[in-house]
Amino acid sequence: MSGGAPTPAGNIVLRTAAADDLRAIVHLLADDALGRARERDVDPLPDSYRVAFEAIAADPNNTLLVAADEDGTPVGVLQLTVIPSLTYQGRPRALIEGVRVAASMRGRGLGRRLFDAAIGLARERGCHLLQLTTDKRRPEALRFYQSLGFVASHEGMKLDLSDQAKVPL
């Protein structure tokens, strides 16, 4: 199809990720300049991915949601984490991380479907707030999140703990 809007993402099924999806998920996460710099999309995958997947799958506060095509292959992914909290009178909040839609599937409403499902899950769990961060080098992602109603109401900060040898004890 040339010249018009992309066709809708038909025959896409949203479901919880299975262990067999891990390779495709890592491939999605590595499929841009920022992801290539931090992920290891190699065969075989580093064991750390399996360990992390098993921990996520075993944790009732985590959901790894995938959008799978007609062959069952993930073409979109996000992780929803429900965080127990004492603030807001003990109501939990939810966090979305690891969002990615295959480049070939963008612009077809798939990201919106993933977020609608995640928002529904967060509401079912009684969350008062759904939050996420986005890298400032991804302005298209920021526009997408704003189109969903997310507001940049706080200043987010991160501390990189990957090289703990530099931190004095």
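Student: About how much space lies in the second largest pocket?

Tutor: About 210 Å³, where the volume is the space filled by probe spheres set on grid points joined across faces, edges and corners. This is a predicted model, in which local features need pLDDT of at least 70, side-chain atom pairs count only at pLDDT 80 or more, and totals for chains, interfaces and linings use all residues. Residues are numbered from 1 along each chain as its sequence is written, and side-chain values use heavy atoms, leaving out hydrogens and water.

Student: What makes a residue part of the lining of that pocket?

Tutor: A pocket is an open set of points on a 1 Å grid over the protein atoms alone, where a 1.4 Å probe fits, with protein on both sides within 12 Å along at least five of seven lines; a lining residue has an atom within 4 Å of a point. Among those that qualify here are Leu22, Tyr49, Phe53, Val77 and Gly98. Helix H1 (22–29), helix H3 (47–58) and strand E3 (74–83) each supply at least two lining residues. These names come from DSSP runs, numbered from the N terminus: helices are H or I with at least four residues, strands E with at least two.

Student: Why is H1 called largely enclosed by the rest of the structure?

Tutor: Because six of its eight residues are buried, meaning under 20% relative accessible area (exposed is over 50%, partly exposed in between; 1.4 Å probe, protein chains only). The buried residues of H1 are Leu22, Ala24, Ile25, Val26, Leu28 and Leu29. Their cover includes helix H2 (33–38), H3 and E3.

Student: How many aromatic pairs are there?

Tutor: The count comes to five. Rings of Phe, Tyr and Trp (its six-membered ring) pair if their centres lie within 6.5 Å; planes under 30 degrees apart are stacked, over 60 edge-to-face and the rest tilted.

Student: Why is the pair of phenylalanine 144 and tyrosine 145 called tilted?

Tutor: Their ring centres are 5.7 Å apart and their planes stand at 55°, so the pair fits the tilted class. Tyrosine 145 also pairs with phenylalanine 150, at 6.3 Å centre to centre and 65° between the planes, and that pair is edge-to-face.

Student: How do you know whether phenylalanine 144 and tyrosine 145 are buried or partly exposed?

Tutor: Phenylalanine 144 has 26% relative accessibility, so it counts as partly exposed. Tyrosine 145 has 9%, so it counts as buried. Phenylalanine 150, with 17%, is buried too.

Student: Which residues do ring pairs link into a cluster?

Tutor: Phe115, Phe144, Tyr145 and Phe150. Phenylalanine 115 belongs to helix H5, and its relative accessible area of 1% makes it buried.

Student: What does phenylalanine 115 touch beyond four places away in sequence?

Tutor: Contact means heavy atoms within 4.5 Å, and its partners include Leu78, Ile96, Val99 and Leu132. Valine 99 is 16 residues from phenylalanine 115 in sequence, and their C-alpha atoms are 9.4 Å apart in space.

Student: How do you know that the peptide bond from aspartate 43 to proline 44 is cis?

Tutor: Its omega is near 0°. Proline 44 sits in the loop between H2 and H3.

Student: Why are tyrosine 88 and glutamine 89 called exposed?

Tutor: Tyrosine 88 has a relative accessible area of 54%, so it is exposed, and glutamine 89, at 83%, counts as exposed as well. Tyrosine 88 lies in helix H4 (residues 87–90), as does glutamine 89. Neither is a glycine, yet phi is positive: about 55° for tyrosine 88 and near 60° for glutamine 89.
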